[in-house]
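Please read this report alongside the sequence and the coordinates. It treats backbone pairing, packing and charged contacts in turn.

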Amino acid sequence: SNLENTEIFMDGEDFRFYSKPYYLRLHLPGEVEETDAAGGQYIADTASFSVRCPKRVKGQHFEGLEMLTQLLTPKGATEIKSKIEDLSNADGNSDDKQENADSD
């Protein structure tokens with residue numbers, strides 16, 4: 001990891017960490033803000049980063065921080081919806097009618 005190119009972004013429920021080749025984006029259960037109290041450090045002994053993200057509402061409990069899958073999943077609709085449409089009848093003609101017209 002290159003310390004010079006390490007980037008940390010925090011705003012609202014969005015937290016992002018980038019240090020090539022690592023990228024982490026978390027969707028937090030509460031809001032954080034980048035203030036003077038925010039910061040981070042690299043701990044060489046354990047080859048890890050320690051990051052401080054101040055909560056927007058001090059003392060607020062962030063539910064589910066141990067649920068990594070939930071933190072990685074964007075908020076909002078998570079269902080996969082079919083984007084496939086059958087357009088063969090969109091103009092009121094079926095393929096059979098069109099083929100009959102072509103053969104005349």
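What follows is a description of a predicted model, given in running text with one small table.

## The hairpin of strands 1 and 2

Strand 1 covers residues 7–19, and strand 2 covers residues 22–32. The two strands pair in the antiparallel sense over 7 bridges, and a hairpin of 2 residues joins strand 1 to strand 2. Within this pairing, F15 stands opposite L26 in strand 2.

The connection between the strands contains an uncommon peptide geometry. P21 is placed in the loop between strand 1 and strand 2, and the bond that joins K20 and P21 is a cis peptide bond, with omega at about 10°. Another backbone feature is found at A47, which is located in the loop between strand 3 (39–43) and strand 4 (48–52). Phi of A47 is near 50°, a positive value in a residue other than glycine, and the relative accessibility of A47 is 55%, so that A47 counts as exposed. As background to both features, most residues other than glycine have a negative phi, and most peptide bonds are trans.

## The nonpolar core and a surface patch

Which residues make up the largest nonpolar core? This core has 9 residues in all, namely M10, F15, F17, L26, L28, V32, A38, F62 and L71. Strand 1 and strand 2 each supply at least two residues of this core. In general terms, nonpolar side chains of soluble globular proteins tend to be buried together.

Two core members show how this part of the model is packed. M10 touches F15, V32 and A38, among other residues, when residues up to four places away in sequence are not counted; the contacts of M10 also include E33, E34, V51, R52, C53 and P54. L26, which is placed in strand 2, has a relative accessibility of 12% and therefore counts as buried, since the cut-off for that class is under 20%. On the same basis of sequence separation, L26 touches E13, D14, F15, L68, L71 and L72. From L26 to Q70 the C-alpha to C-alpha distance is 8.8 Å, although these two residues are 44 residues apart in sequence.

Is L24, which also belongs to strand 2, buried or partly exposed? L24 has a relative accessible area of 31% and is therefore partly exposed. Together with L68 and L72, L24 makes a nonpolar surface patch of about 240 Å². L68 and L72 thus appear both in this patch and among the contacts of L26.

## Salt bridges

Side chains of opposite charge can pair when their charged atoms come close. How many salt bridges does the structure hold? There are 5 salt bridges in the structure, and the table lists three of these pairs, with the N to O distance for each.

| Pair | N to O distance |
|---|---|
| D14 and R25 | 3.2 Å |
| E31 and R56 | 2.8 Å |
| E33 and R56 | 3.5 Å |

In the salt bridge that D14 forms with R25, distant parts of the chain are linked, with D14 in strand 1, R25 in strand 2, and their positions 11 residues apart in sequence. D14 counts as buried because its relative accessibility is 12%, whereas R25, at 35%, counts as partly exposed.

The side chain of R56 meets that of E31 in a salt bridge. Because E31 lies in strand 2 and R56 in the loop between strand 4 and helix 1 (68–72), this pair ties together parts that are 25 residues apart in sequence. E31 has a relative accessibility of 34% and so counts as partly exposed, and R56, with 37%, also counts as partly exposed.

R56 forms a salt bridge with E33 as well. E33 lies in the loop between strand 2 and strand 3, so its pairing with R56 ties together parts that are 23 residues apart in sequence. At 26% relative accessibility, E33 too counts as partly exposed. Salt bridges that share partners join D11, E31, E33 and R56 into one network. E33 is, in addition, one of the residues that M10 of the nonpolar core touches.

Technical notes:
Residues are numbered from 1 along each chain as its sequence is written. This is a predicted model: local features need pLDDT of at least 70, side-chain atom pairs count only at pLDDT 80 or more; totals for chains, interfaces and linings use all residues. Side-chain values use heavy atoms; hydrogens and water are left out. Patches are made of residues with over 30% relative accessible area and no salt bridge: like charges are joined within 9 Å, nonpolar side chains (Val, Leu, Ile, Met, Phe, Trp, Tyr) within 5 Å. Accessible areas come from the Shrake-Rupley method with a 1.4 Å probe; for residues, only the protein chains shown count as cover. A salt bridge is a side-chain nitrogen of Lys or Arg within 4 Å of a carboxyl oxygen of Asp or Glu. Helices (H or I, at least four residues) and strands (E, at least two) are DSSP runs, numbered from the N terminus. Buried means under 20% relative accessible area, exposed over 50%, partly exposed in between (1.4 Å probe, protein chains only). A nonpolar core is a set of buried Ala, Val, Leu, Ile, Met, Phe, Trp, Tyr and Cys residues joined through side-chain atoms within 4.5 Å. Contact means heavy atoms within 4.5 Å. Two strands pair if DSSP finds at least two bridges between them.
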